[in-house]
Amino acid sequence: MARENGDGGTLFSVRMRAARGGPHEAGGRHVSGAERLLPEREVAAAVRSLVRRAQEHPLGAPDFIQVTVERVETEPVRIPGLPVTTVAASAPGEARRVAAVLLASAGVAPATAARAIEALAGGPGPGGGTMRGAMLMDAATGARLEPDPARGVRVTRVDVAPEARREVTRSLSRGRLIGTRVREALVLASKVAWAGALAELCWSDDPDYTTGYVASPAFGYVRLTHLKPRGTPLGGRVFFLPPGADPAPFVHRLEAVPVLLTGLGGVRPPVEASDFLKEIARDAAVSRA
Ligand code: AMP
């Protein structure tokens, strides 16, 4: 039986994927994708807006767009969003140093973090291109665990709860984080952290968007400016699993369990990378003492 959400309507999963040069499974290049989890009355507008988003993507107009609308049959899990920090780095070298320190603090082996950064920079797909979904890596060994290395794992069935939207938008815009990009990435990262990842690393394949992030239940969602050089059409996501973890239940939670965010864990004013690194070192010294 379909369940009602707090807003009084049945929830629908709306998913969009777009590619150029044919569908993804026929070798087309991934252009755009998005996921929503909405009351029925908002589905038609969301479909229109996602199609428009695919058509206007900076990577160029797709020749394949697929939108799937599906009623969600199970009660969504309600989770809080991760707290947001923005770290201002001057260049990819500095931003990636901060990323590596944060990943290590979440339990990712330094060689695994280096491997993940290298994979995103070189194109994580089999031919050195982008993927539609995320890589999975064992945090200790760096082994790739995603069942389909061309597609990766896609996080779906997640959104901000309708009753929390206004507050989430207000908190983000108070922190000058306007637009859908940060909000959608934060929603995704919050589900990934809830699902059991030790940490996540992401930067976009959009050549003009150079801010990426590292996220973890340990330190929240940390945006890093200049995590990739401007003009690069490569990017992606890596989810780090605890050493030896079976990826199957993790993938099931990411793809099949509906999740709604009930709010935000706070938005901190931007901090310089050098100050942030000192702060992490101080915190580590305090927790060792
Ligand atoms: P974007 O932040 O939309 O530019 O996406 C950057 C990369 O993250 C994409 O190329 C995909 O590899 C990956 N990605 C985007 N959306 C998802 C998702 N819902 N689940 C898993 N990986 C995703």
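Of the 13 residues around the ligand (a residue counts as near if one of its heavy atoms lies within 4 Å), Met131, Gly133, Val155, Ser204 and Asp205 come nearest. The model is predicted, and local features need pLDDT of at least 70, side-chain atom pairs count only at pLDDT 80 or more, and totals for chains, interfaces and linings use all residues. Residues are numbered from 1 along each chain as its sequence is written, and side-chain values use heavy atoms, with hydrogens and water left out.

The shell around the ligand comprises 5 nonpolar, 3 polar and 5 charged residues; in this classification Asp, Glu, Lys and Arg are charged, Ala, Val, Leu, Ile, Met, Phe, Trp, Tyr, Cys and Pro are nonpolar, and the others, Gly among them, are polar.

Backbone atoms approach the ligand at several positions. A polar backbone atom of Met131 is 2.7 Å from an oxygen atom of the ligand, and a backbone N or O atom of Gly133 lies 2.7 Å from a ligand oxygen atom. At Val155, a backbone N or O atom lies 2.8 Å from a nitrogen atom of the ligand.

A second element of the model is an open sheet of 7 strands with mixed pairing, in the order E6-E11-E8-E9-E10-E5-E13. Strands E6 (135-138) and E13 (271-272) are the edge strands, each pairing on one side only. Strands are DSSP runs (E, at least two residues) numbered from the N terminus, and two strands pair if DSSP finds at least two bridges between them. Strand E5 (residues 84-88) runs parallel to strand E10 (residues 220-224), joined by 4 bridges.

Note on methods:
Polar contact = N/O pair within 3.5 Å; in protein donor to acceptor, adjacent residues only side chain to side chain.
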